[in-house]
Amino acid sequence: MDIEQKQAELIEYFVKQAEIHKGLSLGNLIVEATSHSSLFGFSEILSVPNVVQLQGTEHSVYLDLLRLFAHGTWSDYKSNSGRLPPLVPDQVLKLKQLSVLTLAETDKVLPYDNLMQELDVSNVRELEDFLINDCMYAGIVRGKLDQLRRCFEVQFAAGRDLRPEQLGGMIQTLETWLNTSDNLLHSIQEKIKWADTMSELDKKHRKEVEDKVDDIKKSLTHKVS
């Protein structure tokens, strides 16, 4: 099963579970979702009404926790740990994986020093083991470890959930793509129309040549007679 299919099945499962849980039970479900080793998208769960309704309740910290895993990083957690539930080891690992994806959104060459600082990793060996075993083998990134330059060259990184402030830019990008596609389609249609016209002209020219050849043949036949 590929990673996209696995993601879709997990999202569907947790969305359905979130629709029937409330309060602390829902909070425990959020902990389960954010601890799952194969789940990296959380926006669908965030949109479930029961989850939204955690806002302003005694269990609202779980909503904040889910938002952190949807859009935040390990550094964000450290800055706000006093207002969030403690993380279990699987959540710590997951948030660090997500942090790599966030860094890869803007930079395709990630210096080891930056990664070690962002992920609280103390040495290069530990960092490379994390990138290989917990990121590349998990299928969320592909790239090359450059020990000489002390950097990770990202060739592919899975996308994270869109942050609300990113929606405008995404919509504009899609509109630009649609406009470009429309222009390209129009250009192709014009070229097809031109090719059809040239084909008709070519047929007409051939017919005229054939008619002239027939006339010449007829004329020669009459002369011979």
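**Entry 1: a surface patch.** I began on the outside, where L184, I188 and I192 make up a nonpolar patch with about 280 Å² of accessible area together. I kept in mind that this is a predicted model. Next I looked up where I188 belongs, and found it in helix α10, which covers residues 167-224. Is I188 buried, exposed or partly exposed? Its relative accessible area is 42%, so I noted I188 as partly exposed.

**Entry 2: aromatic pairs.** I then turned to the rings and found that the structure holds three aromatic pairs. In one of them, Y13 and F14 meet edge-to-face, at 5.0 Å centre to centre and with 75 degrees between the planes. I checked the cover of each partner: Y13 is partly exposed at a relative accessible area of 39%, whereas F14 is buried at 1%.

I also looked at F42 and F69, whose ring centres are 6.1 Å apart. Their planes stand at 70 degrees, and edge-to-face pairs need over 60, so this pair is edge-to-face. Where do F42 and F69 lie in the chain? I placed F42 in the loop between α2 (23-35) and α3 (43-46), and F69 in helix α5 (residues 60-71). They are 27 residues apart, so I wrote down that the pair links distant parts of the chain. Both F42 and F69 are buried.

**Entry 3: lysines over rings.** Last, I searched for charges above rings. The charged end of K94 sits over the ring of F40, 4.8 Å from the ring's centre. I found K96 over the face of W74, with 5.1 Å to the ring centre.

Definitions and conventions:
Residues are numbered from 1 along each chain as its sequence is written. This is a predicted model: local features need pLDDT of at least 70, side-chain atom pairs count only at pLDDT 80 or more; totals for chains, interfaces and linings use all residues. Side-chain values use heavy atoms; hydrogens and water are left out. Patches are made of residues with over 30% relative accessible area and no salt bridge: like charges are joined within 9 Å, nonpolar side chains (Val, Leu, Ile, Met, Phe, Trp, Tyr) within 5 Å. Accessible areas come from the Shrake-Rupley method with a 1.4 Å probe; for residues, only the protein chains shown count as cover. A salt bridge is a side-chain nitrogen of Lys or Arg within 4 Å of a carboxyl oxygen of Asp or Glu. Helices (H or I, at least four residues) and strands (E, at least two) are DSSP runs, numbered from the N terminus. Buried means under 20% relative accessible area, exposed over 50%, partly exposed in between (1.4 Å probe, protein chains only). Rings of Phe, Tyr and Trp (its six-membered ring) pair if their centres lie within 6.5 Å; planes under 30 degrees apart count as stacked, over 60 as edge-to-face and the rest as tilted. A charge sits over a ring if NZ of Lys or CZ of Arg is within 6 Å of the ring centre and within 35 degrees of the ring normal.
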